[in-house]
Amino acid sequence: MTDTALLAVLLAAIAGLLAGRAWAAARRRGDSRDRPPYRVSPHYTQGLHYVAAGQRELAISELTKVAREDPEALEVLQILGNLLREAGQVERAIQVHQGLLARSDLTRAERAYALASLGTDFSKAGFIDRATRTFEEVLEVDPKSIHALVGMQKLHEDQRQWQEAYTVQTRLSRLRKTEDSLVLGHLQAEMGREALQAGRIDAAEKAFRTALSLDRRVFPAHLGLADCQAGRDPRQAAAVLEDAVQTSPERAYLAFDRLALAYADSGEPSRFVGLCEQTIRQDPRDWRARLALARHLGREGRHEEAFGLLLRAVEANPQVLLPHLEMWRTLRAMGLEGEVVDRYIATAEESAFYRDPHVCTACRYRADDMLWRCPHCHEWNTFVEERLGPTAGAKS
Ligand SMILES: [Zn+2]
């Protein structure tokens, strides 16, 4: 995300350079005195070098000197403002952008750009209302401003305004000629979840179906659709969940509880065994399928089989606590009694250090639960369960 922003800043810098060159060419003179004053400053070249090298603080320091020498340097101020925001100096970024907007010599495009930058500053500073108003102002001047639409989209998502986010994302996809069906699908799934919570089953079902027609990888849409159907048709719910497992086997475990229930409600509890076995065949290191199957067998009194499954799960992923816990329950069920075992289980269950690690593949942000939208880089569908093997664990 930061790299993309930096690249955007760099491209803006290059655009500024080209504009400067065109300006110089128009004058048809080779004399350096005819260049805009900031371009002959050594701090300008040095500043661009630091932007290109990704050294933000040094770039800010050099470009600040250029802006002080030549307060008219429009491009330099645009770049400087964005760099300051990226560096977390939002207050200074706001000052720079407001200063630019106070000028009377800006073209329409330059004004729109400065205004959109200011909106992004407000958004980063958490001034939601001011950011919204500013982006709306940009869109009045330039309805196709990608910059403002991206800013709006993020604001809507942050405020869980899924319908509005969906509308803006549709506009963005059309303008950028990109697919974005995965993001659109997740937004529909969020709308579905909200409708389901409000008891509007029909609306929820419609949203989940739209989500899946956009992209079958939208896992929460499968889960939501199954929830809509579970009460009246558990067989149908099971079919939806099986489809989810097939589409994204690495996330199968998120459907296990619902699947076990759906199979039980449709009078075929043993089908859950088959499903878990199939998942284990596909990925022998999938401790969650072993754990789910062990619990299922334990409830049926088949403790020996559960013990075997858990032993394999512990071997494959010794760092994960849940199989250990289930193992102790199984041992107790198999006849290993005593206060010591009880105390161990209680202690392990209450352990504050327990984490269920999920990690964002885009920015490495970690969270205890599966998240569909990363709170750090704001990407959709980037979380995976972090699986450390025994050898990897031993090395680190
Ligand atoms: Zn992320």
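Start by selecting K177: with 6 C-beta neighbours inside 10 Å, this residue counts as exposed. You are looking at a predicted model, so take this tour as a walk through a prediction.

**Stop 1: K177 and its loop**

K177 sits in the loop that links α9 (162-176) to α10 (181-197). Show its backbone and check the torsion: phi is positive, about 55°, although K177 is not a glycine. What makes that worth a pause? Most residues other than glycine have a negative phi.

Now step back into helix α9 and pick S173. Is S173 buried, exposed or partly exposed? It counts as partly exposed, because 15 C-beta neighbours lie inside 10 Å. Leaving aside neighbours within four places in sequence, S173 is in contact with T178, E179 and D180. Draw a C-alpha to C-alpha distance from S173 to I146 as well: the two are 27 residues apart in sequence and 9.9 Å apart in space.

**Stop 2: the whole chain**

Zoom out for a moment. The protein chain has 20 helices and 3 strands. Of its 396 residues, 37% count as buried. Among contacts between residues at least 6 apart in sequence, 45% join residues at least 24 apart.

**Stop 3: helix α4**

Select residues 74-86, which form helix α4. These 13 residues reach 19 Å from the first C-alpha to the last, close to the 18 Å expected at 1.5 Å a residue. How many of the residues of α4 are buried? The count is 13 of 13, and the helix is mostly covered. Just after α4, click on G88, where phi is positive at about 90°.

**Stop 4: A226 and the pairing of α12 with α13**

Next, centre the view on A226, found in helix α12 (residues 219-230). A226 is buried, with 25 other C-beta atoms within 10 Å. Which residues does A226 touch, not counting those up to four places away in sequence? They are A237, V240, L241, R258 and A262. Add L259 to the view: A226 and L259 are 33 residues apart in sequence, and their C-alpha atoms are 9.1 Å apart in space.

Widen the selection to α12 together with helix α13 (residues 234-247). Their axes come within 8 Å and cross at roughly 170°. That angle makes α12 roughly antiparallel to α13, because it is over 145 degrees. To colour the contact, take F219, H222, L223, L225, A226, Q229 and A230 from α12, and P234, Q236, A237, V240, L241, D243 and A244 from α13. By class, the residues of this contact divide into 10 nonpolar, 3 polar and 1 charged.

Keep α13 selected on its own. Its 14 residues reach 20 Å from first C-alpha to last, close to the 20 Å expected at 1.5 Å a residue. The buried residues in α13 are P234, A237, A238, V240, L241, E242, A244 and V245. What covers them? The cover includes α12, α14 (256-265) and α15 (271-282), so it is worth showing these helices together with α13. While you look along the helix, remember that an α-helix has 3.6 residues a turn, so residues three or four places apart point the same way.

**Stop 5: α17 against α18**

Move on to helix α17 (residues 303-316) and helix α18 (residues 321-333). They pack at an angle of about 155°, with their axes 9 Å apart. That makes α17 roughly antiparallel to α18. Is their crossing left-handed or right-handed? The crossing of α17 and α18 is left-handed.

For the contact itself, show the side chains of H303, A306, F307, L310, A313 and V314 in α17, which meet P323, H324, E326, M327, T330 and A333 in α18. By class, this contact of α17 with α18 has 8 nonpolar, 3 polar and 1 charged residues.

**Stop 6: H378**

Finish at H378, in the loop between β2 (366-367) and β3 (383-385). Its phi is positive, about 70°, although H378 is not a glycine. How many C-beta neighbours does H378 have inside 10 Å? There are 15, so H378 counts as partly exposed.

Notes
Residues numbered from 1 in each chain as written. Predicted model: local features only at pLDDT ≥ 70, side-chain atom pairs only at ≥ 80, totals over all residues. Helix = DSSP H or I, 4+ residues; strand = E, 2+ residues; numbered from the N terminus. Expected span 1.5 Å × (residues − 1). Buried ≥ 20, exposed ≤ 12 C-beta atoms within 10 Å, placed from the backbone. Axes fitted to C-alpha atoms, helices over the stretch in contact; angles between N-to-C directions. Parallel < 35°, antiparallel > 145°, perpendicular 65-115°, else oblique. Left-handed = near helix turned anticlockwise from the far one by under 90°. Contact = placed C-beta atoms within 7 Å. Nonpolar A, V, L, I, M, F, W, Y, C, P; charged D, E, K, R; others polar.
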